[in-house]
Amino acid sequence: MKDNRFYPCDRLASETLPFVSLMVPPLTLPRVAWFTKIKPTVLVLSCLLALSSCAKEDWERVAEPLRETVIARAQADLEAERVTVTASHSDRSAGGVHDFFSQADYFWPDPANPDGPYKGRDGQTNPDNFNDHRLAMIRFSQIVGELTSAWLLTGEQRYADAVVPHLRAWFMDEDTYMAPHLLYSQAVLHRDTGRSIGIIDGIHLMEVAQSVRRLEQAGAIPKDVTEGTKAWFGRFVEWLTTHPYGIAEMRAANNHGTCWAMQVACFARLTGNQEVMDMCRSRFKEVFIPNQMAPDGSFPMETSRTKPYGYSLFNLDALATLCQTLSTPEDDLWEFVSPEGNTMLKALEFIFPYVQDKGRWPLRQDIMYWDQWPVAQPFLIFAWWHFRSETSLLDTWTKLDHFPTNQEVIRNLPVRNPLLWLE
């Protein structure tokens with residue numbers, strides 16, 4: 001993968017905006033002498049218009065393979081029933097009607113002790129676990145993400161309006177709201193009423209938060225709804241950063257720690273919590289990139305699992321989403337280099353050939369769901385959005401499945417509507 005970050009729009013910006021902003025006379029830059037007769041104001045406006053045109057053109061390249069299906073899904077979502085955690089309850093849960101509950105995916109009854117604690121089988125999902133709340137949360141994320149994406153594609157207010165009742169139901173209505181914590185997530189029957197690693201279930205609220213952010217920017221939904229939603233996420237961020245479960249998950253060495261930071265960064269950006277966003281940037285630089293990545297760009301803590309391929313994709317998706325969420329012109333995480341020389345580009349260079357051709361994967365196949373991966377992984381489109389000249393990333397993403405139906409794939413693909421994230 002060549003490291004050539006400049007495409008025509010980049011060159012235009014690099015050759016004009018610097019000397020305008022620094023008030024350097026154009027005649028000192030012979031390569032841009034054709035600008036010398038243009039007034040500075042006109043020059044700046046011309047540059048901005050050109051850059052805006054390029055950005056719009058690139059956004060449309062991402063939108064094209066999604067447009068028809070996203071709008072069709074959003075059309076169906078217009079009349080979707082509001083379903084929150086209060087719609088179902090399990091007698092296995094130690095929580096109440098407003099408390100999210102799920103069971104540890106890889107834990108099964110012990111044949112030698114049927115009434116005792118469940119036993120772990122890494123990578124093997126138990127289909128008999130209670131899953132209603134997670135499915136409801138995923139459905140909520142899909143509905144809000146699809147409606148907001150359709151609003152971005154069409155500008156039609158009806159799509160934004162349809163988001164509002166779902167936000168009210170999950171975050172504001174007294175009868176149906178979800179409590180802003182995950183105390184009872186990924187419980188192990190007869191052993192744990194909830195676990196810190198259950199916080200990973202919260203990644204399915206990221207596209208809800210990002211949708212609200214985009215809609216709020218345009219004033220497309222009522223102010224009381226944005227304020228109510230942001231208040232809920234503010235309480236959730238506080239719980240995620242202060243409760244022992246949240247602190248334990250933050251310190252997790254593998255994809256759980258990455259996913260803690262990914263969701264917390266997304267929620268903190270919505271609520272304007274700069275301190276928490278800075279903390280997530282620090283963990284990216286000081287923990288994830290130096291400690292998770294091997295010299296070849298792989299993630300040993302993921303490749304040692306029973307699903308080495310799927311977990312490698314998942315962790316890189318999370319890191320790329322962190323880059324997309326937290327990067328600024330002054331602090332671009334895509335360009336960060338750890339003292340060991342680890343970079344996001346190195347991680348991309350490791351996995352990308354095996355996304356193009358999974359048959360070349362040098363490690364063992366995943367114990368379950370090997371055939372279902374890869375899909376249109378968000379790291380492909382986020383990386384292309386940054387390394388714009390790398391058209392192979394966009395081409396590969398375009399050819400993969402954008403709308404998977406397998407529940408295990410959906411569970412591990414919290415970014416399903418990339419248009420929400422490309423600003």
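Student: In this predicted model, is Gln186 buried or exposed, and how should I read its relative accessible area?

Tutor: Gln186 has a relative accessible area of 5%, and because buried means under 20% relative accessible area, Gln186 counts as buried. As for its place in the fold, Gln186 belongs to strand S4, which covers residues 184-187.

Student: What is the phi of Gln186, and how should I read its sign?

Tutor: The general idea is that most residues other than glycine have a negative phi. In this structure Gln186, although not a glycine, has a positive phi of about 55 degrees.

Student: Which value does phi take at His190, and where does that residue lie?

Tutor: His190 is likewise not a glycine, and its phi is positive, at about 70 degrees; the residue sits in the loop that runs between S4 and helix H6 (206-217).

Student: What kind of peptide bond joins Trp373 and Pro374?

Tutor: In general, most peptide bonds are trans. The bond joining Trp373 and Pro374, however, is cis, with an omega of about -5 degrees, and Pro374 itself is found in the loop between helix H13 (344-356) and helix H14 (378-386).

Student: How many disulfides does a search of the whole structure find?

Tutor: A disulfide is a covalent bond between the sulfur atoms of two cysteines. When the whole structure is searched, zero disulfides are found.

Student: Are Cys259 and Cys280 buried or exposed?

Tutor: Cys259 counts as buried because its relative accessibility is 1%, and Cys280, at 0% relative accessibility, counts as buried too.

Technical notes: Residues numbered from 1 in each chain as written. Predicted model: local features only at pLDDT ≥ 70, side-chain atom pairs only at ≥ 80, totals over all residues. Heavy atoms only, no water. Disulfide = S-S within 2.5 Å. Buried < 20%, exposed > 50% of the residue type's maximum accessible area, 1.4 Å probe, protein only. Helix = DSSP H or I, 4+ residues; strand = E, 2+ residues; numbered from the N terminus.
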